[in-house]
Amino acid sequence: MKQIILSTLMVALLLGCASTQDVPEKMSDESIFALPVPETEREFRAVWIATVANIDWPSTPGLTTERQKAELRAQLDRSKALGLNAVVFQVRPATDAIYQSDIEPWSEYLTGKQGVGPDPMYDPLAFVIEEAHKRGLELHAWFNPFRSRHSSGSHELSDQHIQNHKPHLVRDYGLHLWLDPGEPESRDYSVRVMLDVVKRYNVDGIHIDDYFYPYKERDADGELIDFPDEDSYNRYVAEFGEIERNDWRRQNVDMFVEQLYKELRELDDEVRFGISPFGIWRPGYPEGIEGFDAYEEIYADALLWLQNGWLDYFTPQLYWPIEQEAQSYSRLLNWWHEMNAYDRHLWPGNFTSRVGDRWPAQEVIDQIGLTRAQPGATGNVHFSMRAFMRDPDNLNERLMEDVY
């Protein structure tokens, strides 16, 4: 524990602030650090394959089983040809399943109707794991912990959907449905869903992104909508005492991340756990950085999770061009490295899908170069697969010949 305390003091010095409000305080039980981070003997070269709203796969709902399989094979073949070695495959877009589950319904992004599986029946997750491993690619299962219906989804929910059997956990928020992270049962439920996959599938990693509490929405009058968690907040205060509501929300997410990491380590110490948060912790860290405040707006204290070592790899979404000083790629990457007290794998995320639209291919090439030049950073994760299938600005040839 002495090492943990020292690392916190180091953070305070690096951040240049004496206020404990600005520095992560909550320290983990030492037992969480009993197991080492799984080693990686090669540069991590990964791509996200998003299923929500059919961003990457399947190209549209309702394709035949053979067409779905063919599209996946083509994407994995492309990944292999590019020199990638991992795919991060979205298996739970919104309390639904891109795999055979007894807990949650089949996703509507597969067949067009939630709760209806592929015909002829097959298990997409089992299939993609087998096909990825044949090609020497790791397969990381990507989950959304609390989103329960995406704005692109229909309003026809399966009888198996959590809204229909645990409605006390689900909140209506703008265009979405959302599990309330302030309900301990919500956190336990999502952890159970993820551990179920680890028990039944040969995945190499479990991955969550930047959606904990929802990004804020506005009503028809343009007013910000507050997340409707009054009941869970008031129950907590009645039992445990006063706490500022935003601090309580952050605490809920912190408890979820710690619980998931600890239970995953206890279940299988070979499966890696990764988080890809918004790339800026707070404006001003490091000095001169501006932009969205994920700490205050979506209650995500990614610095705390990294400082406590509650993950095996850290993938901050550095989704800005190198020359954009207010969100400097190199300075943010170096800052996250300096905050990495337990030497977790640092694999930044890159917005590769902007090539051909807002960036030339050279931007991504240069970002990979900056990552390789950064001590402590040993890979990149590209968002998303559609960029490589479309190949804008000769991106694929550049990657194959010059980079990978």
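Let's start at one contact: the side chains of glutamate 296 and arginine 282 meet in a salt bridge, at 3.8 Å from N to O. Glutamate 296 sits in helix 9 (residues 294-297), while arginine 282 is in the loop between strand 8 (272-275) and helix 9, so this pair ties together parts that are 14 residues apart in sequence. Keep in mind that you're looking at a predicted model. Glutamate 296 counts as partly exposed because its relative accessibility is 27%, and arginine 282 counts as buried because its value is 16%, with under 20% being what buried means here. The two aren't on their own, either: salt bridges with shared partners join Asp247, Arg250, Arg282, Asp293 and Glu296 into one network.

Zoom out, and a search of the whole structure turns up 24 salt bridges. One of them runs between glutamate 183 and arginine 171, whose closest N and O atoms are 3.0 Å apart. This pair links distant parts of the chain, with glutamate 183 in the loop between strand 6 (176-179) and helix 6 (184-200), and arginine 171 in strand 5 (residues 170-173), 12 residues apart. Both glutamate 183 and arginine 171 are buried.

Another salt bridge has arginine 249 and aspartate 226 as partners, with 3.2 Å between the closest N and O atoms. Here too distant parts of the chain are linked: arginine 249 belongs to helix 8 (residues 245-267), and aspartate 226 to the loop between strand 7 (205-208) and helix 7 (230-240), 23 residues apart. Is arginine 249 buried or exposed? Arginine 249 has 2% relative accessibility, so it counts as buried. Aspartate 226, at 43%, counts as partly exposed.

Now for the sheets. Nine is the number to look for in this one: 9 strands form an open sheet with parallel pairing, in the order 10-9-8-7-3-2-1-12-11. At the edges stand strand 10 (345-346) and strand 11 (349-350); each has a single partner strand, so one side of each is left without a neighbour in the sheet. Strand 9 is joined to strand 10 by 2 bridges, and the two run parallel. If you want to find that spot, look for phenylalanine 314, whose bridge partner in strand 10 is leucine 346.

Helices lie against this sheet. Helix 8, the home of arginine 249, packs on the sheet by touching strand 7 and strand 8, and its direction makes about 160° with that of strand 8. Helix 6 lies across strand 2 (86-92), strand 3 (138-143) and strand 7, running at about 160° to strand 3.

There's also an open sheet of 3 strands, antiparallel in its pairing and ordered 4-6-5. Strand 4 (147-149) and strand 5 take the edges with a single partner strand each, so each has one side without a neighbour in the sheet. From one strand to the next, the twist averages 35°. Strand 4 pairs with strand 6 in the antiparallel sense over 2 bridges, and arginine 149 stands opposite leucine 177 in strand 6.

Back to strand 1, which covers residues 44-49 and includes isoleucine 49. Isoleucine 49 counts as buried because its relative accessibility is 0%. Leaving aside residues up to four places away in sequence, isoleucine 49 touches Asp56, Trp57, Gln75, Val87, Val88, Phe89, Gln90, Trp142 and Met385.

Strand 1 also holds one half of an aromatic pair. Phenylalanine 44 and tyrosine 313 form a tilted pair, 6.0 Å centre to centre with 40° between the planes. Phenylalanine 44 is in strand 1 and tyrosine 313 in strand 9 (residues 313-314), so far as sequence goes 269 residues apart. Both phenylalanine 44 and tyrosine 313 are buried. The count of aromatic pairs comes to 30, and ring pairs link Trp281, Tyr285, Tyr295, Phe314, Trp335 and Trp336 into a cluster. Phe314 is the residue you met as the bridge partner of leucine 346.

Finish at helix 14 (residues 395-403), where the buried residues are Leu395, Asn396, Leu399 and Val403. Those residues cover an arc of only 105° around the axis, which puts them on the same side of helix 14. What do they pack against? The buried residues of helix 14 pack against helix 2 (65-82), helix 12 (361-373) and helix 13 (385-390).

How values were computed: Residues numbered from 1 in each chain as written. Predicted model: local features only at pLDDT ≥ 70, side-chain atom pairs only at ≥ 80, totals over all residues. Heavy atoms only, no water. Salt bridge = Lys/Arg side-chain N within 4 Å of Asp/Glu carboxyl O. Helix = DSSP H or I, 4+ residues; strand = E, 2+ residues; numbered from the N terminus. Buried < 20%, exposed > 50% of the residue type's maximum accessible area, 1.4 Å probe, protein only. Pairing = 2+ DSSP bridges. Axes fitted to C-alpha atoms, helices over the stretch in contact; angles between N-to-C directions. Contact = heavy atoms within 4.5 Å. Arc of directions from axis to C-beta. Phe/Tyr/Trp six-rings, centres within 6.5 Å; stacked < 30°, edge-to-face > 60°.
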